[in-house]
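Please open the structure in your viewer and keep the selection tool at hand. We will go from stop to stop, and at each one you will be told what to select and what to look for.

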Amino acid sequence: MYCAVIADIVDSKKLADRGKIQDKLKAELVSISLYFSSYIRSNFTIKLYDEFQGLLLNADYVMSIIDRMCNGMHPVDLRFGIGFGDITTEIDPKLALGADGPAYHNARLALEDVKRLDKKDLQTKIKLVTGDNTLAGMEHLVNAAFCSMLAIERGWTKTQREIVQGMLSCSGIMQKELAEKRNVEPSTVTRSLQSANFNLYVVLKDAAEDAIINIWEKMNGQ
């Protein structure tokens, strides 16, 4: 069983400098494929101008990969479909093209649902589809966490986003250290994190990551 990821750029046709954005995306995908090479079965590859996909050996680092993509491409918005399942065709480890199977089918279903929800009040930028009805409850909770995370993110100012990402990207960093790096008072960092609902965001993020790995293990009989 594999973990497939299919993603696209939101409102890509409305963006200026489309060539530069695609070049940036290509560089980001190469970087991710190299950094996470031990966990990737088929390297992330651009399928169309605004759509790309990749195949992972397991679900352990899927959220870390998505986080890195989002941060690397910001302020360009991305949305993701995650699918668990088998691949029934030959797999090219260098390019995530041409392969087929339930993993990609489920990831496609997830991405299409993200696009559908984007036109409604309940919005998300990530969705998981496992294809296993016995785990529908856990899957629903993961996707509810994704919706809640995006609702929090939508309220961030530019400064709050930078401070939140600073805390998340440096494991174990203290607010005082981050304040020194940004040359601001520690109280400024504290207020920004409080206003950004940082603690709640981390709880939701950790819960989603843990649940995804737990679902993966259950589907693999671990």
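Before selecting anything, keep in mind that this is a predicted model. Begin with Tyr 61, which is partly exposed, with a relative accessible area of 33%. Now add Tyr 39 to the selection, a residue that is also partly exposed, at a relative accessible area of 29%.

How are the rings of Tyr 39 and Tyr 61 arranged as an aromatic pair: stacked, tilted or edge-to-face? The pair is tilted, with 4.3 Å centre to centre and 40 degrees between the planes, and an angle of that kind counts as tilted because it is neither under 30 degrees nor over 60. Colour the surrounding elements next: Tyr 39 sits in the loop between helix 1 (18–35) and strand 2 (40–46), while Tyr 61 sits in the loop between strand 3 (51–56) and helix 2 (62–73), so the pair ties together parts that are 22 residues apart in sequence.

Stay here and extend the selection to Tyr 35 and Phe 36, since ring pairs link Tyr 35, Phe 36, Tyr 39 and Tyr 61 into a cluster. Then show the side chain of Arg 68, which lies over the face of Tyr 35, at 4.4 Å from the ring centre.

For the next stop, select Phe 52 and Phe 80, which form an edge-to-face aromatic pair, with 6.5 Å centre to centre and 85 degrees between the planes. This pair links distant parts of the chain, as Phe 52 belongs to strand 3 and Phe 80 to strand 4 (residues 78–85), 28 residues apart. Are these two rings buried or exposed? Phe 52 counts as buried at 0% relative accessibility, and Phe 80 likewise counts as buried at 0%. In total, the structure holds 6 aromatic pairs.

Now move to helix 5 (residues 158–169) and helix 6 (residues 175–182), whose axes come within 10 Å and cross at roughly 125 degrees. That angle makes helix 5 oblique to helix 6, and helix 5 passes helix 6 in a right-handed crossing. To see the contact itself, select Thr 159, Glu 162, Ile 163, Gly 166 and Met 167 of helix 5 together with Gln 175, Leu 178 and Arg 182 of helix 6.

Finish with Asp 11, in the loop between strand 1 (2–9) and helix 1, which is partly exposed, with a relative accessible area of 44%. If you draw a distance from its C-alpha atom to that of Lys 158, 147 residues apart along the chain, the separation is 20 Å.

Note on methods. Residues numbered from 1 in each chain as written. Predicted model: local features only at pLDDT ≥ 70, side-chain atom pairs only at ≥ 80, totals over all residues. Heavy atoms only, no water. Helix = DSSP H or I, 4+ residues; strand = E, 2+ residues; numbered from the N terminus. Buried < 20%, exposed > 50% of the residue type's maximum accessible area, 1.4 Å probe, protein only. Lys NZ or Arg CZ within 6 Å of the ring centre and 35° of its normal. Axes fitted to C-alpha atoms, helices over the stretch in contact; angles between N-to-C directions. Parallel < 35°, antiparallel > 145°, perpendicular 65-115°, else oblique. Left-handed = near helix turned anticlockwise from the far one by under 90°. Contact = heavy atoms within 4.5 Å.
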